Amino acid sequence: MTSASGATASETYTFIGTELRGAAMKLHTKAQAPKEGQAPAPKSNVSSRELTQADYLHFLLDSKAVYEALEDIVEEYPELSQFRNTGLERTKGLDIDIQWMVEEFGIPKPEVGAPGLNYAAELRRIVASSIPAFMCHYYNFYFAHTAGGRMIGKKMSNLLLKKKTLKFYEWDGNLNEIKDAVKEQFENMASTWSREEKDQCVNETASAFRGGGALNRYLSSGGH
């Protein structure tokens with residue numbers, strides 16, 4: 001058996017690296033992933049309105065709603081117990097950051113918006129019908145934050161926070177080691193799945209991108 005690249009599958013195949021990454025690269029543009037991106041560049045949707053601290057606060061609040069859903073789900077489902085307390089969890093840091101922004105900039109704390117509420121509800125619906133489908137969302141949401149999310153954080157820090165680094169972008173311990181441990185658990189789980197279950201996971205990639213992308217719109221055009 002060979003992979004799409006023609007290499008021997010037994011030598012190179014991993015579920016994350018081969019299947020999930022392959023699906024994700026189809027949705028990345030060349031600007032996002034110069035070597036592997038395949039999606040056409042989107043039409044410019046840059047707002048003429050200047051990005052504000054209130055926009056960023058709303059992004060953080062909605063992000064927290066999604067992370068709370070992810071953490072609640074892995075606590076609720078015994079099948080996901082290996083993904084509890086991995087070190088990737090973000091809600092405690094977001095609690096601190098949200099309170100800091102409210103106090104530092106005198107911004108009224110808004111309600112969680114539709115992007116966060118809708119995606120959190122979608123995650124709870126998905127996991128009830130398919131653990132593999134849920135794991136696509138789990139992996140993409142957490143790991144996107146450790147990559148492009150950190151770049152967004154640095155940009156927002158320079159633009160809006162006088163270069164302060166939020167707790168949202170800090171991890172206890174070595175982040176690469178934390179990621180590797182989670183990937184190993186995920187690979188172990190995926191190795192027990194049928195072909196149908198693997199497809200359920202991979203086929204959720206576009207949905208996972210839409211869920212995360214809806215939150216990111218707070219940072220491009222106010223998000224509302």
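Q: Is Thr 91 buried or exposed, and what is its relative accessible area?
A: In this predicted model, Thr 91 has its place in helix 4, which spans residues 91–105. Not counting residues up to four places away in sequence, Thr 91 touches Lys 64, Tyr 67, Glu 68 and Glu 71. Because buried means under 20% relative accessible area, Thr 91 counts as buried, with a value of 11%.

Q: Which class, stacked, edge-to-face or tilted, describes the aromatic pair of Phe 168 and Tyr 169?
A: A pair of aromatic rings is described by the distance of the centres and the angle of the planes. The count of aromatic pairs comes to 15, and in the one formed by Phe 168 and Tyr 169 the centres are 4.9 Å apart, with 55 degrees between the planes. Since planes under 30 degrees apart count as stacked and over 60 as edge-to-face, the pair of Phe 168 and Tyr 169 is tilted.

Q: What is the relative accessibility of Tyr 169?
A: Tyr 169 belongs to a cluster linked by ring pairs, which includes Phe 168, Phe 134 and Tyr 138. Its partner Phe 168 is buried at a relative accessible area of 2%. Tyr 169 also counts as buried, and its relative accessibility is 12%.

Q: Which class of aromatic pair do Phe 186 and Trp 193 form?
A: Both Phe 186 and Trp 193 are buried. Their ring centres lie 6.0 Å apart and their planes stand at 70 degrees, so the pair is edge-to-face.

Q: Which helix gives the largest share of the largest nonpolar core?
A: In soluble globular proteins, nonpolar side chains tend to be buried together. Here the largest nonpolar core holds 60 residues, of which Tyr 56, Leu 80, Phe 134, Met 135 and Phe 186 touch the most other members. The largest share of this core, eleven residues, comes from helix 3 (residues 53–76).

Q: Which residue, leaving aside neighbours within four places in sequence, is in contact with Met 101, Gly 153 and Leu 219?
A: The contacts of this residue also include Met 156, Leu 160, Leu 161, Leu 166 and Tyr 169. Among the residues that touch the most other members of the largest nonpolar core, the one with these contacts is Tyr 56.

Q: Which helices are included in what covers the buried residues of helix 2?
A: Helix 2 runs over residues 15–25, and its buried residues are Phe 15, Ile 16, Glu 19, Leu 20, Ala 23, Ala 24 and Met 25. What covers these buried residues includes helix 6 (131–146), helix 8 (175–190), helix 9 (195–202) and helix 10 (205–216).

Note on methods: Residues are numbered from 1 along each chain as its sequence is written. This is a predicted model: local features need pLDDT of at least 70, side-chain atom pairs count only at pLDDT 80 or more; totals for chains, interfaces and linings use all residues. Side-chain values use heavy atoms; hydrogens and water are left out. Rings of Phe, Tyr and Trp (its six-membered ring) pair if their centres lie within 6.5 Å; planes under 30 degrees apart count as stacked, over 60 as edge-to-face and the rest as tilted. Buried means under 20% relative accessible area, exposed over 50%, partly exposed in between (1.4 Å probe, protein chains only). A nonpolar core is a set of buried Ala, Val, Leu, Ile, Met, Phe, Trp, Tyr and Cys residues joined through side-chain atoms within 4.5 Å. Helices (H or I, at least four residues) and strands (E, at least two) are DSSP runs, numbered from the N terminus. Contact means heavy atoms within 4.5 Å.
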